[in-house]
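Me: I should like to go through the reasoning behind some descriptions of this structure. Please set each value against its cut-off.

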Amino acid sequence: MSALQKQATRGQDSQVLPKVPVPPLKQTLDTYLKCVQHLVKEEQFKKTKTIVEKFGAPGGIGEILQKKLLERKDKKANWVYDYWLEDMYLNNRLALPVNSNPAMVFPKQAFRDHKDALRFAARLICGVLEYKALIDARKLPLDFARGQLAGTPLCMEQYYRLFTSYRYPGLKTDTLKVDLNAASSAPEHVIVACKNQFFLLDVVANNKQLNEAEIFLQLEKIMKMSENAEERLPPFGILTSDGRTEWAQAREALIKDQANRDSLALIESCICVVCLDEPCGTPPSDTNRALMLLHGGGRERNGANRWYDKSMQFVVGTDGVCGVVCEHSPFEGIVMVQCSEFLMKRITGSPSRTVQPSSTRALPPPRRLLWKCNSHVQALLEASGDRLQRLVNNLDMDVFTFETYGKEFIKKQKMSPDAFIQISLQLAFYKCRGRLVSTYESASLRRFQEGRVDNIRSATAEALAFVRSMADERATFTDSEKMKRLKDAVKAQTDYTIAAITGMAIDNHLLGLLKLSKQLNMEKPEMFCDETYLASNHFTLSTSQVPTTVEMFCCYGPVVPNGYGACYNPQPHHIVFSVASFWENTETSSAVFVKALNEGLLEIRDLCNRSAAAATKPPESSPAAGQPRKSGK
């Protein structure tokens, strides 16, 4: 163990990570022009170049803002954090399901009956309490970087927000509240949703935490209570699935009544939400399970059996559809993965302890949360349900497991698996649309204090050169030319990745300059009104790698109406892709994209294999080696 690792392991709070840097202004502006040049028309680029040069001119507006940004960096632990959080999440008015909240889909569970499902849920809740205890005691093992520049200690702050955060809706902007005293303040409770009703499950009674058998019995009581039709209340969870402004207005109406205020306060302060779902009535394919987690199938299915503002919502369906839905603003996917893997290992690793009623105490029964409803609130519930239904009908999801090869084959080509897959996604998009578009790939900034993410702009000029050579119908390019272009594209992608994870990407920097100009009440700089800048922030392809070591996969929706959300999980010998788009947009089709992705991955493999074979053959035995040939046709 290096001295740095020793020091880092000693105490997560005492380790001082470097601050995220502010890149040099000229470097960012040059990179920006390089990123957009091949994605816009020549005439437009000329105009953009003039605007950018004016912004970056000596003594110009860019230099003034850069100086202010460097002052902000000195004052704050992380100069971009607040700007980024508002821009990425809190100011966004779209509904959380599909548009913002990602889901982690667990393998389908083989429950024989509802008791098996409740046993799973009880074990899951025990696992959450165990994991939360590790977090509260600051006992989680420190994360170290994997992949590029491996071995650096990473910031652990995001873990402390897993069970202590709540996103409050606001009329113009939301508020992310993190209760830092949650570790010390008892009593603790979980909210259980069942048949669109919400129940308070205290996990501590008489200063003693409930054990698995006790939690199981409490869940059985909740299930019974939820079946009582006389006491059934309207489906209030559906309000949280609405646009943020609509939900904020509905919440204002709700809190006029004390009963609603009390119920909201309990939900907003819970550890997590556990959703006991009804069978969803569709075959439990990967795609259908992903849909059930992302939006619950709408109000007719499990769409109202959710509370989307809470950071961690665990779904346990009696039909074995299980997973977790996350409110994304407090933490990134990797933290959700680490927590999910801990829970799945604990659930599958411990033998099924049959519940011993004798070992349980007499516990007060769980409480149903009460809601007061009037005709105005009833109309709001209807409208929210209608809007969720439209979102459900609109999502076009395709979960695809590519089984021909995985990251082992890619590593044998001496290429970064992530860069290779990103280029395959570019090839797939090019096959569908004949051009490349602004692409987002999240890059972790956890090497820095309070680091979140920046963007890797994967639609590089080198990627465009490669995909053009692969899609060329006239067979103008030899294999060796294509191979050179592939290597160039992988190198460009890898270099950008390293720049991004070391704080030298452009998106956060440009956002910081823009936000500062607003704060200083300056007229919005022309660079940020330019159509190229606006187009460069319209991410038609939104991607991220979410690798797991336990069988499960992540999924999310597109971030723009005419876009794709593409999440991938590279395994040694296969790759899981979740591709999402919207049916309402005729330009996109998840099935068409997946077909192009599959073709492209096979064509690149064939290219690599042919090149390797050509390299090992003596030249005279292969007279056609230099001849152009069609790619994988």
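Me: Which residues of α14 meet which residues of α15 in this predicted model?
Reply: From α14, the residues are Ile423, Gln426, Leu427 and Tyr430. They meet Ala463, Leu464, Phe466, Val467, Arg468, Met470 and Ala471 of α15. By class, nine residues of this contact are nonpolar, one is polar and one is charged.

Me: Why are α14 and α15 called oblique to each other?
Reply: Helix α14 (residues 417–433) and helix α15 (residues 461–471) pack at an angle of about 55°. Angles under 35 degrees count as roughly parallel, and the roughly perpendicular range is 65 to 115. The angle of about 55° falls in neither range, and the two helices are therefore oblique. Their axes are 10 Å apart, and α14 passes α15 in a right-handed crossing.

Me: What makes the pair of Tyr440 and Phe539 edge-to-face?
Reply: The ring centres of Tyr440 and Phe539 are 5.4 Å apart, and rings pair if their centres lie within 6.5 Å. Their planes stand at 70°, whereas over 60 degrees counts as edge-to-face. The pair is therefore edge-to-face.

Me: Where in the chain do Tyr440 and Phe539 lie?
Reply: Tyr440 is in strand β13 (residues 439–444), and Phe539 is in the loop between α18 (531–536) and β15 (541–545). The pair links distant parts of the chain, 99 residues apart.

Me: Are Tyr440 and Phe539 buried or exposed?
Reply: Both Tyr440 and Phe539 are buried, a term that requires under 20% relative accessible area.

Terms used
Residues numbered from 1 in each chain as written. Predicted model: local features only at pLDDT ≥ 70, side-chain atom pairs only at ≥ 80, totals over all residues. Heavy atoms only, no water. Axes fitted to C-alpha atoms, helices over the stretch in contact; angles between N-to-C directions. Helix = DSSP H or I, 4+ residues; strand = E, 2+ residues; numbered from the N terminus. Parallel < 35°, antiparallel > 145°, perpendicular 65-115°, else oblique. Left-handed = near helix turned anticlockwise from the far one by under 90°. Contact = heavy atoms within 4.5 Å. Nonpolar A, V, L, I, M, F, W, Y, C, P; charged D, E, K, R; others polar. Phe/Tyr/Trp six-rings, centres within 6.5 Å; stacked < 30°, edge-to-face > 60°. Buried < 20%, exposed > 50% of the residue type's maximum accessible area, 1.4 Å probe, protein only.
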